[in-house]
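Reader: I'd like to go through this one with you, asking how each label is earned. Shall we start?

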There are 4 protein chains.
Amino acid sequence: MPETPAEKAAAPVGPTTASQNPAEPTTAPTTWVLTLACEDRPGIVHAVSGAVVAARGNITESQQFASPDTGRFFMRLQIASDTGRDALEGALAPVIERFGLEASLDAAGRPRRTLILASKAAHCVSDLLFHQRSGHLPIEVPLVMANHDTLRDLVEFHGVPFHSLPVADPEQKEAFESAVLEAVDAHDIELVVLARYMQILSPELCEALAGRCINIHHSFLPGFKGANPYRQAHERGVKLIGSTAHFVTSDLDEGPIIEQNVTRVEHSHSVAQLREIGQDQECLALRRAVTWFAQSRVLLDGMRTVIFR
Amino acid sequence: MPETPAEKAAAPVGPTTASQNPAEPTTAPTTWVLTLACEDRPGIVHAVSGAVVAARGNITESQQFASPDTGRFFMRLQIASDTGRDALEGALAPVIERFGLEASLDAAGRPRRTLILASKAAHCVSDLLFHQRSGHLPIEVPLVMANHDTLRDLVEFHGVPFHSLPVADPEQKEAFESAVLEAVDAHDIELVVLARYMQILSPELCEALAGRCINIHHSFLPGFKGANPYRQAHERGVKLIGSTAHFVTSDLDEGPIIEQNVTRVEHSHSVAQLREIGQDQECLALRRAVTWFAQSRVLLDGMRTVIFR
Amino acid sequence: MPETPAEKAAAPVGPTTASQNPAEPTTAPTTWVLTLACEDRPGIVHAVSGAVVAARGNITESQQFASPDTGRFFMRLQIASDTGRDALEGALAPVIERFGLEASLDAAGRPRRTLILASKAAHCVSDLLFHQRSGHLPIEVPLVMANHDTLRDLVEFHGVPFHSLPVADPEQKEAFESAVLEAVDAHDIELVVLARYMQILSPELCEALAGRCINIHHSFLPGFKGANPYRQAHERGVKLIGSTAHFVTSDLDEGPIIEQNVTRVEHSHSVAQLREIGQDQECLALRRAVTWFAQSRVLLDGMRTVIFR
Amino acid sequence: MPETPAEKAAAPVGPTTASQNPAEPTTAPTTWVLTLACEDRPGIVHAVSGAVVAARGNITESQQFASPDTGRFFMRLQIASDTGRDALEGALAPVIERFGLEASLDAAGRPRRTLILASKAAHCVSDLLFHQRSGHLPIEVPLVMANHDTLRDLVEFHGVPFHSLPVADPEQKEAFESAVLEAVDAHDIELVVLARYMQILSPELCEALAGRCINIHHSFLPGFKGANPYRQAHERGVKLIGSTAHFVTSDLDEGPIIEQNVTRVEHSHSVAQLREIGQDQECLALRRAVTWFAQSRVLLDGMRTVIFR
């Protein structure tokens, strides 16, 4: 299979990768994002920064975290360099080897190829597409897929192809999920966003999309899991409601949390009002999670996330 | 038993009550707070406001709520009047009778007699006593009781008697709870505040204090019930932690919620840091709940609260 | 000129108005919103609630405020009634007369006829039109006017006519403002929203639209008035940025404030990032202000607003 | 003058300093905080991390920022090391020399010696002393000075000496400021906190305390500078009020901002209520600013601050 643009740009760093991009110009772009994760031990920062210096790079932004829970070390660097990817990869290769780094090098600001799954609710889809189009959200969306046709006009207005397939029985669900995997493959998808897609993914699909599928949960987890959280919140008389953006795992609603927010509500709010208020929160939490993911600011640390904002 | 000042000031409104306060001056204070609850039906507001007018009162603040869930109607009025309690009670009596109102009339700003129960943690006790002393919290605290002696100096510095009794076994617990009930009686206590009192109350004590006992739960309920919520929050990797002030019922951590708040945390926060951050939230949520209760702004609507802020 | 639907629905309450709506059915809608303002004095609530009872209405929501600064009294009532507008107006007329009330009676939920003025920035326009279309914002928008053609596609996608006129010199500005006033007249406009319309209105237009024109100021007033507030905020190194929705007056950026919000920023945010972050705040503050206005929750008290949320 | 403990612990890093601490044990504490600032250029991170590795240190936390406005580079490192200060200083000395670093090395968690200046208002003083005593605020307070005697009991309850001097005329003010400078000297003060000290400092004192004196401004700057900001806020009808903690400079209320916060208010809040609400904000903003300063998380970048939270 021929290499895709996304693979070229975001390929894992390593000796074998460097030679795969012969056509890429070596002088642009001038800013790179490097993320890495490994077992924590002394000397990592020095070795990595040495490789950056050797490739005539300048570190303009750097964040790191050593997790006391897992003993893992995480780092995100922005590097200004006029020597290009090959030089950086070449310099980093021995460090990656020595420390067993899981490293990823990417051009800063490169839009992530994103597939959006939706259902009938418009708010998150509209918010994502509007901000993508405004240039504030570093994703490109080659396709929106949905199990209803409701959002066709909205999606097509934003110039994005829309594909709907019914999911009314197990066979249709299987067909839908197969179509998702085909689309992921065909469009070099790097991120799948469940923008209020109201279906539970099969364990197989969760597994296939592990670490690159973000869901918005319409509640401040771990409260009010399951169906109709706004009704639950109303009955319980809570004074704050919120939403949670998280990675999808086969353990429903329990994937690593990326972002949460809440807003204040009052006794006079009906269930319908809570839902409406909550939708603004959902848009914001999902958009922040997608933005951070697209900027390589989200790293996985077991069941927790490290967010390098 | 002779009538206490608290009973005089906060007595339920009714025909029989009016004559019990012969010595109270009829011209002061000039502002009253009236709360009422009843089954919702037309004409309540008109009848109540008519009684206020008849007693030469002027309504300066008014809030109401008709609960669609329970069919109950709730109202809180502030009334400026120079005719005194007797005139107001006399005018309201037939309205109370006609609509079956649960009514309470109180002098605005009168400090509520409050018993604080504590354990070892100082932050909530210190916050309450400091703000009480500053004149910002309309309570008076005749006694702090605790199951440890840790906070004696702090409490006594604020000029409040401190009484500690060990609660190390069931018998001691029973003795402590008996002492609480005696103190409630002896000091005309209107509100009991569990300021991080780390013991579970017996069902009997919960029952005896129903509707006048506020707890601070060190979590944003309904998430992370039970022990060590900050450890739970850390393991789950949440991005917000919060606290909940609620009425105590025998159903642990499930009483009607009065106030909640949250604050943002990050992956780098340890469990100890989460706890410390959470303590500020606990102080604020508990203080707001106590303030609102003391201002007659908290009414019970089944398992929910109506908060007339 | 024949009476418009908007005038029929929102006409000021009074004896002469009642007879102008002969064709309006007397049994629907069943919920009304009554707002009133007058000099504060005893008996208003009783008189108004009496009129409501007389018209077989039931008060389902009520808020009031007596302003110590201006001596004005403000009230907002929601009234369930099956007798229709005529009966309510007839019953209220003598009370309006007696207390000199400025009263307005409206069907609850009736969309306000809203003219949006825009320039090139899309975020507020998109947010308003999206939520209007979703049914969450009780306005109807017969027209968007702009001094650039940039937003035509966006506006027309939402099914709203778009009219652009250049404003490059004083004559063009005058022509634009004349067109605004004509549109206000032709479309029975009740609210004009400046959705990041980057022109200063003439004092004449401010006067003509007094009390029904809302602007979003891209700053947390009174800090950073004037041009390029995000640059000012950056230079000053503030840790929070915000936005302000306010009524337009001829005193630039000084009209009565309806809503404000802020969000946290950091030293690493560039001016461009502050602007982007601020735009979310602008959308939310403007939408809340418009919603509250459309629900008759915003009343003017001199240079301040009373917000009955 | 003999060297003080504070100087020993927090001395600027450099070749000449290393030999001044002969008595300090070389194996404890095991965690160090290194902050540095210099003109931005490539290789700094590599050189610094190399020195850390050479001293057998492990970088456990690292934050950096290159300011596009000033061209300055800032960094904060936490370093676990069992080799002690001498080894670290020795390894860092050539790097400091080469890059012209302004460096500071300190034992992590070492309490900063802090002088509090107060007036009559108790809330900030109480909050700081309570949290210091609870072990949550890494400062030690050898003295509180005030221009009134009001807070003596509060301060002495917390076991802190209290010294009051009247400031009623220019001579008394000069005497007070002289006493401040003497106390700074006598107690090796590293931080002066104006905890609602209501006097304007002389330019000379501002200069003498530059970069180590924090004030809490009772407003969300730059709005409502000057006297009685809560009255100004009330008149303007703002919907949010806030506070600002900032470094003191001779340009009144214009020093670099460290922390800000806001809270929501309503039309019904009186000036007195705004003030009371604002005081909670003041406590929190000031405490956060002091905490960050004491943890070496606040660096100056011209008129802005870099906050490494």
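Reader: What makes residues of helix H9 of chain B count as buried, and which are they?
Author: Buried means under 20% relative accessible area, with exposed over 50% and partly exposed in between (1.4 Å probe, protein chains only). In H9 (residues 229–236) of chain B, the residues that meet this are B:Pro229, B:Tyr230, B:Ala233, B:His234 and B:Arg236. One caution: this is a predicted model, where local features need pLDDT of at least 70, side-chain atom pairs count only at pLDDT 80 or more, and totals for chains, interfaces and linings use all residues. Residues are numbered from 1 along each chain as its sequence is written, chains are lettered from A and ligands numbered from 1 in the order written, and side-chain values use heavy atoms, without hydrogens and water.

Reader: What do the buried residues of H9(B) pack against?
Author: Contact means heavy atoms within 4.5 Å. The partners are strands S11 (257–264) and S13 (304–307) of chain A, plus strand S10 (240–247) and helix H10 (271–294) of chain B. After H9(B) comes B:Gly237, with a positive phi near 70°.

Reader: How do you know which residues make a helix or a strand?
Author: They are DSSP runs numbered from the N terminus: H or I over at least four residues for helices, E over at least two for strands. Chain A comes to 10 helices and 13 strands that way.

Reader: Why are S7 and S11 of chain B said to stand at the edges?
Author: Two strands pair if DSSP finds at least two bridges between them. The open sheet of seven strands in chain B runs S7-S6-S5-S8-S9-S10-S11, with mixed pairing. S7 (162–164) and S11 (257–264) each have a single partner strand, so one side of each has no neighbour in the sheet. S10(B) and S11(B) run antiparallel, joined by seven bridges; B:His246 has B:Ile257 in S11(B) as its bridge partner.

Reader: Why is the relation between chains A and B called a two-fold axis?
Author: Copies are superposed by least squares on C-alpha atoms of residues with pLDDT of at least 70 in both. Chain A lands on chain B with an RMSD of 0.0 Å after a turn of 180° and a shift of 0.0 Å along the axis. That is the two-fold relation. In chain A, A:Gly223 comes closest to the rotation axis, at 2.2 Å (C-alpha).

Reader: How do you know the copies meet through the same surface?
Author: 100% of the interface residues of chain A are interface residues in chain B too, so the surface is the same.
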